[in-house]
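Me: Could you take me through one part of this model in detail, namely the surroundings of the ligands? I'd like the contacts first, and after that whatever backbone details you can add.

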Amino acid sequence: MDASPASSASCVHLSVRDHIAFVAVDNPPVNALSAAVRRGLMDAITQADANPDVHAVLVHGRGKAFIAGADIREFGLPPQAPSLPEVCLRIEACSKPVVASIHGPALGGGLEVALSAHWRVATPSAKLGLPEVQLGLLPGAGGTQRTPRLIGAQAALDLMLSGRHVGAQEALRMGLIDRVAAQEDALAEGEAFVRHLLAERLPVRRSGEQTAALADRAATQASIDAARAEATKKRGLFSPLKIVDCVQAALDLPLSEGLATERALFEQCLASPQRAGLVHAFFAEREVAKVPEARLGQARPVASVGVVGGGTMGAGIAVAVLDAGLPVVMVERDEAAVALGRSRVEKVCDGHVAKGRLTPEGKAAVMARFTGATDYAAFKDVDLVIEAVFEDMAVKHAVFAELERHCKPGAVLATNTSYLDIDAIAQATSRPQDVIGLHFFSPAHIMKLLEIVVPAKVSADVVATAFALAAKLKKVPVRAGVCDGFIGNRILAVYRTAADHLMEDGASPYEIDAMVRAFGFPMGPYEMSDLAGGDIGWATRKRRAATRDPKAPPARYVHIADRLCERGWFGQKTGRGWYLYEAGSRSGKPDPEVEAIVAEERAKAGVTPRRFTPEEMQRRYVAAMVNEGAKVVEEGIALRPLDVDVTLVHGYGFPRWRGGPMKHADMVGLAHILADIQAFAQEDPLFWQPSALLVKLVAEGRTFDSLNKI
Ligand code: 3HC
Ligand code: NAI
């Protein structure tokens with residue numbers, strides 16, 4: 001047998017025993033449908049079909065998955081025969097009953113392979129789904145045609161438009177599978193099902209020939225229309241509407257024509273920049289965990305966690321940790337603050353119960369893992385502590401002195417500071433090797449991003465511990481170096497400044513927010529500021545003003561935000577900020593008084609306002625983001641451009657379908673971005689200093705992505 005990993009023989013194994021052909025897919029880690037697997041499946045089915053000794057065929061996966069879908073790494077490369085639709089047609093056409101026995105993930109093309117088999121059995125923990133939409137695609141191997149024929153248009157559209165995974169029991173209820181196996185051994189369970197099939201003389205039953213689920217044309221059309229209306233609302237996304245078009249074809253056309261429509265629309269999705277952006281995001285989200293320290297150090301065990309501070313962040317962090325099944329000890333300043341911290345944690349749990357995500361018993365179990373205390377002695381046994389007290393260096397130092405006194409040797413000491421110098425915090429302890437930044441985002445139990453900030457003296461195993469904790473909390477970890485604002489807040493400060501410059505130069509805050517939303521962010525910078533509270537940024541600006549180097553050249557400073565804060569207009573919590581909020585409302589209206597303040601400040605600054613088109617505004621906003629992103633990479637604050645991408649996507653609402661700012665810049669063309677920066681620098685050379693890395697990449701004709709592969 002050929003041992004080369006690319007050979008189909010080593011990826012798909014065929015054996016015949018007792019009149020059953022066993023077709024085993026064996027392509028670790030997740031049995032993705034590479035060209036070799038497709039060839040192997042095609043050959044195995046053809047051989048089994050032609051073998052008179054074979055009465056039925058069983059397809060199953062080796063290792064941890066049935067089949068996790070098409071090989072995503074092949075997208076964008078020249079296609080290789082046979083295509084997956086051809087393989088699926090071949091399986092469906094088999095003259096002998098074909099059973100797919102599913103365990104673990106059966107996703108995308110993996111589920112499409114199963115749907116082209118004639119019968120399906122799944123083990124209790126199997127996960128089935130058509131997640132192509134999350135990659136900017138549609139199920140392109142018959143999934144859009146066979147799924148509605150099997151389970152009806154409404155359920156098929158729900159699967160394909162959400163991309164969600166369903167468990168075996170739900171798949172059975174939907175009609176996606178025929179049986180839930182009694183236990184996890186897919187091979188034994190599949191074989192038992194095949195024997196039952198042969199004993200009962202159950203026939204070949206092709207999904208593509210089913211008609212019952214689409215028989216009620218009016219109801220099916222209504223489901224398609226509703227899905228189209230819903231997909232239209234997802235502004236900017238390309239593939240959802242194409243999925244709806246495919247289901248319409250499933251209703252209107254015979255299978256062969258429906259499959260042709262699906263192929264044509266799949267090709268369009270494949271060629272779209274959104275597919276490139278989303279596939280980049282998929283791999284980047286996995287690459288971020290590959291950091292040098294993970295290779296150098298072994299994670300320390302973490303069985304219990306301490307949290308200092310029960311405010312907005314401390315409570316959210318506690319919930320994130322409790323949700324992961326770990327016990328939490330929270331230390332606050334006094335009993336009243338402990339009670340408040342506990343009530344914040346409980347309020348989140350109550351919200352989960354109200355939404356049906358947690359049972360009352362589940363809530364009781366979560367709260368039983370929570371302990372509040374005022375004495376740091378409560379931390380004596382914890383393996384890791386996360387400090388989330390006021391953003392003030394003296395307070396942080398006092399807290400770390402207590403941690404040092406009470407925590408056992410080897411305990412990891414983490415800070416959730418947003419901006420403060422973690423090297424300075426670490427230096428103030430006698431165990432800087434144990435001190436690290438764990439920068440959560442608000443609300444900490446919901447936001448996926450976790451910046452893991454690595455100070456100079458921290459040991460590799462502490463960094464590895466932080467990444468292991470992130471995995472346990474189901475967060476997306478990004479390694480960051482120490483600087484003011486780390487990766488995310490540092491870049492945010494710069495593009496927010498670019499927005500402020502635009503505003504003073506003539507754009508209204510409402511036009512800027514609208515432009516940012518049209519780009520794909522869920523909200524603009526001024527809406528964001530109103531949500532988070534303008535006082536937070538104001539405090540940071542005042543702190544920075546106090547420490548500004550008097551010898552440094554004066555940077556342009558826009559005073560408008562300060563004027564709002566001086567009036568106590570901090571945003572939603574005060575009923576007005578950049579927008580006006582009616583009592584209890586979270587959606588604000590433009591405020592003419594704010595526009596008057598903006599006009600007044602422009603006049604004071606001697607600016608004659610000018611008009612900007614949305615495109616002009618967008619170019620400045622994006623160029624500022626990309627330029628600072630490049631500086632962050634250049635200085636080693638981010639390991640690679642992809643770390644910047646993941647940070648902005650998961651912490652700041654950058655549209656995932658654009659891949660992240662650095663991927664977006666690659667797609668726009670770095671030379672264009674640099675030319676914009678150089679043009680803007682004519683007006684303000686201090687703000688628009690091009691990153692040396694960007695200049696170098698343009699000179700060498702390279703992309704940011706070329707730095708991701710090192
Ligand atoms: N193609 C290529 N590589 C894949 C892959 C795929 N479909 N799915 C996962 N991988 C790789 C990952 O990149 C990772 O590689 P690495 O170790 O080098 O970083 C490795 O497999 C393990 O993946 P995870 O770290 O994600 O492992 P988990 O156990 O956490 O999750 C999973 C497993 C649920 C299968 C998850 O990987 C996943 O969701 N994969 C993508 C599934 C998907 O989107 N399938 C549809 C593809 S599109 C399609 O099928 C088109 C068709 O309709 C024509
Ligand atoms: P907060 O003001 O809501 O809560 C701080 C809590 O710390 C208060 O409950 C206070 O009683 C407690 N505290 C103060 N000194 C203490 C001490 N010596 N011992 C025990 N408890 C003490 O503040 P928030 O917003 O939760 O911020 C906490 C930290 O998290 C800050 O460093 C902040 O920069 C950072 N952060 C904040 C984010 C946000 O969006 N609010 C986002 C990410 C980080």
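Reply: Ligand 1 has 26 residues around it, and the closest are Ala70, Gly109, Glu112, Glu132 and Arg286. Keep in mind that this is a predicted model, so read every distance here as a value computed from predicted coordinates.

Let's go through the polar contacts of ligand 1. Glu112, already named among the closest residues, puts a polar side-chain atom 2.7 Å from an oxygen atom of the ligand. Lys290 also uses its side chain: an N or O atom there sits 2.8 Å from an oxygen atom of ligand 1. With Ala68 it's the backbone that takes part, as one of its N or O atoms is 2.9 Å from a nitrogen atom of ligand 1. As for cover, ligand 1 on its own has 990 Å² of accessible area, and the protein covers 76% of that.

Now for ligand 2. Here the shell holds 23 residues, with Met313, Glu332, Glu391, Lys396 and Ser418 coming nearest. Met313 also makes a backbone contact, with an N or O atom 2.8 Å from an oxygen atom of ligand 2. Thr312 does likewise through its own backbone, where an N or O atom lies 3.0 Å from a ligand oxygen. A side chain joins in at Asn416, which has an N or O atom 2.9 Å from an oxygen atom of ligand 2. Taken alone, ligand 2 has 830 Å² of accessible area, of which 79% is covered by the protein.

Which elements give two or more residues to that shell? They are α14 (312-323), α17 (393-406) and β15 (435-440). Helix α17 supplies the largest share, with three residues. Sorted by class, the shell around ligand 2 comes to 10 nonpolar, nine polar and four charged residues.

On to the backbone details. Most residues other than glycine have a negative phi, and most peptide bonds are trans. Against that background, a few spots deserve a look. Pro28 and Pro29 are joined by a cis peptide bond, with omega at about 5 degrees, and Pro29 belongs to the loop between β2 (20-25) and α2 (35-50). Another cis bond runs from Ser442 to Pro443, its omega near -5 degrees. Pro443 is in the loop between β15 and β16 (449-454), and β15 is one of the elements already met in the shell around ligand 2. Then there's Arg201, a residue other than glycine whose phi is positive, near 55 degrees; you'll find Arg201 in the loop between α8 (186-199) and α9 (217-233).

One last item is a helix pair. Two packed helices are described by the angle between their axes and the distance between the axes. For α5 (residues 143-151) and α10 (residues 239-252), the axes come within 9 Å and cross at roughly 60 degrees. An angle from 35 up to 65 degrees counts as oblique, so α5 and α10 are oblique to each other. Their crossing is right-handed.

Methods: Residues are numbered from 1 along each chain as its sequence is written. Chains are lettered from A and ligands numbered from 1 in the order in which they are written. This is a predicted model: local features need pLDDT of at least 70, side-chain atom pairs count only at pLDDT 80 or more; totals for chains, interfaces and linings use all residues. Side-chain values use heavy atoms; hydrogens and water are left out. A residue is near a molecule or strand if one of its heavy atoms lies within 4 Å of it. A polar contact is a pair of N or O atoms within 3.5 Å; within protein, one must be able to donate a hydrogen and the other to accept it, and residues adjacent in sequence count only if both atoms are side-chain atoms. Accessible areas come from the Shrake-Rupley method with a 1.4 Å probe; for residues, only the protein chains shown count as cover. Helices (H or I, at least four residues) and strands (E, at least two) are DSSP runs, numbered from the N terminus. Ala, Val, Leu, Ile, Met, Phe, Trp, Tyr, Cys and Pro count as nonpolar, Asp, Glu, Lys and Arg as charged, and the others, Gly among them, as polar. Axes are lines fitted to C-alpha atoms, for helices over the stretch in contact, and angles run from 0 to 180 degrees between N-to-C directions. Angles under 35 degrees count as roughly parallel, over 145 as roughly antiparallel, 65 to 115 as roughly perpendicular and the rest as oblique. A crossing is left-handed if the near helix is turned anticlockwise from the far one by less than a right angle, and right-handed if clockwise.
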